[in-house]
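Reader: Please take me closely through a single part of this structure, one that repays detailed reading, and then place that part within the chain as a whole. I would like the argument to be connected rather than given as a list.

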Amino acid sequence: MRAALWRHLGWRGLALAGVGACWIAYGIGLIVIDRPGVVAAAAPVIRLMCVEGWGGVWIACGTAGVVTAVLRPGRDLIGVGGVFLPPAVWGLAFVGSAATGAYEVAWASAPLYAAIVLLIGVVAALTGGRRRSCTCEGGAPHGQ
């Protein structure tokens, strides 16, 4: 069973499901835990919508990643965008907070968001051109 699941998901599906699950947990954390430092660093986007609303965005985007993990590259673009969007937006918000002096220490966390965005982009680029085939679709018995 596990081998069949791996043949179907491959690296791209595993990345989407894993990162998506992390975004769901992070979104729940934004909703249920008071995080004054994060709220201060993400102030540019918090002005657009409350932190609980952003928690819902992280959850929705993570869910898109998890749900589309089983789809073939090219058909999973909603999930790729879902796992890419929140850290990109929040990373820019952290940079903005640091640059404007609104929360000067936000620069220290901005590289974490940049690294996540970079890694998601690398995985998407490396696995995007491959056709995923698995035994459940009558394809070859090998994954990516």
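Author: Helices and strands are taken here as DSSP runs, of at least four residues for a helix (H or I) and at least two for a strand (E), and they are numbered from the N terminus. On that basis the elements of the protein chain run α-α-α-α-α-α from the N terminus on, which is to say 6 helices and 0 strands. The model is predicted, and what follows should be read as a description of that model. The part I have chosen is the surroundings of arginine 12, with the helix that carries this residue and the elements that this helix meets.

Arginine 12 lies in helix 1, and its relative accessibility is 4%, so with a limit of under 20% for a buried residue it counts as buried. A search of the whole structure finds 1 salt bridge, and a salt bridge is indeed where the side chains of arginine 12 and aspartate 76 meet, at 2.7 Å from N to O. The pair links distant parts of the chain, for arginine 12 belongs to helix 1 (residues 2–32) whereas aspartate 76 sits in the loop between helix 4 (51–68) and helix 5, 64 residues apart. Both partners, arginine 12 and aspartate 76, are buried.

The side chain of arginine 12 also has partners beyond the salt bridge. This side chain reaches the backbone oxygen of alanine 124 at 3.0 Å, and a polar contact of 3.3 Å joins the side chains of arginine 12 and threonine 127.

On the side of aspartate 76, threonine 68 adds to the picture. Threonine 68 is found in helix 4 and is buried, with a relative accessible area of 8%. Apart from residues up to four places away in sequence, threonine 68 touches Leu16, Asp76 and Gly79.

The helix that carries arginine 12 deserves attention in its own right. At 1.5 Å a residue, a straight helix of 31 residues would span 45 Å, yet helix 1 spans only 34 Å between its end C-alpha atoms. Helix 1 also bends by about 90° at glycine 10. In an α-helix there are 3.6 residues a turn, so residues three or four places apart point the same way. The buried residues of helix 1 are His8, Leu9, Gly10, Arg12, Gly13, Leu16, Gly20, Trp23, Tyr26, Gly27, Gly29 and Leu30. Among the elements that cover these buried residues are helix 2 (36–41), helix 4, helix 5 and helix 6 (110–127). Cysteine 22, at 47% relative accessibility, counts as partly exposed, while cysteine 61 is buried with a relative accessible area of 12%; the count of disulfides comes to 0.

Helix 5, one of the elements that cover helix 1, makes an instructive contrast in its span. Helix 5 (residues 77–100) has 24 residues and reaches 34 Å from its first C-alpha to its last, close to the 34 Å expected at 1.5 Å a residue. Helix 5 nevertheless bends by about 25° at leucine 85, with proline 86 following within four residues. After helix 5 comes glycine 101, whose phi is positive, near 80°.

Two further residues show how other parts of the chain are placed. Isoleucine 46 is in helix 3 (residues 43–46), and at 19% relative accessibility isoleucine 46 counts as buried, because the limit is under 20%. Leaving aside neighbours within four places in sequence, isoleucine 46 is in contact with Val39, Val51, Trp54 and Trp90. The C-alpha atoms of isoleucine 46 and alanine 93 are separated by 9.0 Å, although the two residues are 47 residues apart along the chain. Serine 109, in the loop between helix 5 and helix 6, is partly exposed, with a relative accessible area of 28%. From C-alpha to C-alpha, serine 109 and valine 38 are 9.5 Å apart in space and 71 residues apart in sequence.

Seen across the protein chain, pairings between remote positions are well represented: among contacts with a separation of 6 or more, 74% are between residues 24 or more positions apart. Buried residues make up 36% of the 144 residues, and the salt-bridged pair of arginine 12 and aspartate 76 belongs to that buried group.

Key: Residues are numbered from 1 along each chain as its sequence is written. This is a predicted model: local features need pLDDT of at least 70, side-chain atom pairs count only at pLDDT 80 or more; totals for chains, interfaces and linings use all residues. Side-chain values use heavy atoms; hydrogens and water are left out. The expected span of a helix is 1.5 Å times one less than its number of residues. The bend at a residue is the angle between axes fitted to the seven residues ending there and the seven starting there. A salt bridge is a side-chain nitrogen of Lys or Arg within 4 Å of a carboxyl oxygen of Asp or Glu. Buried means under 20% relative accessible area, exposed over 50%, partly exposed in between (1.4 Å probe, protein chains only). A disulfide is a pair of cysteine sulfur atoms within 2.5 Å. A polar contact is a pair of N or O atoms within 3.5 Å; within protein, one must be able to donate a hydrogen and the other to accept it, and residues adjacent in sequence count only if both atoms are side-chain atoms. Contact means heavy atoms within 4.5 Å.
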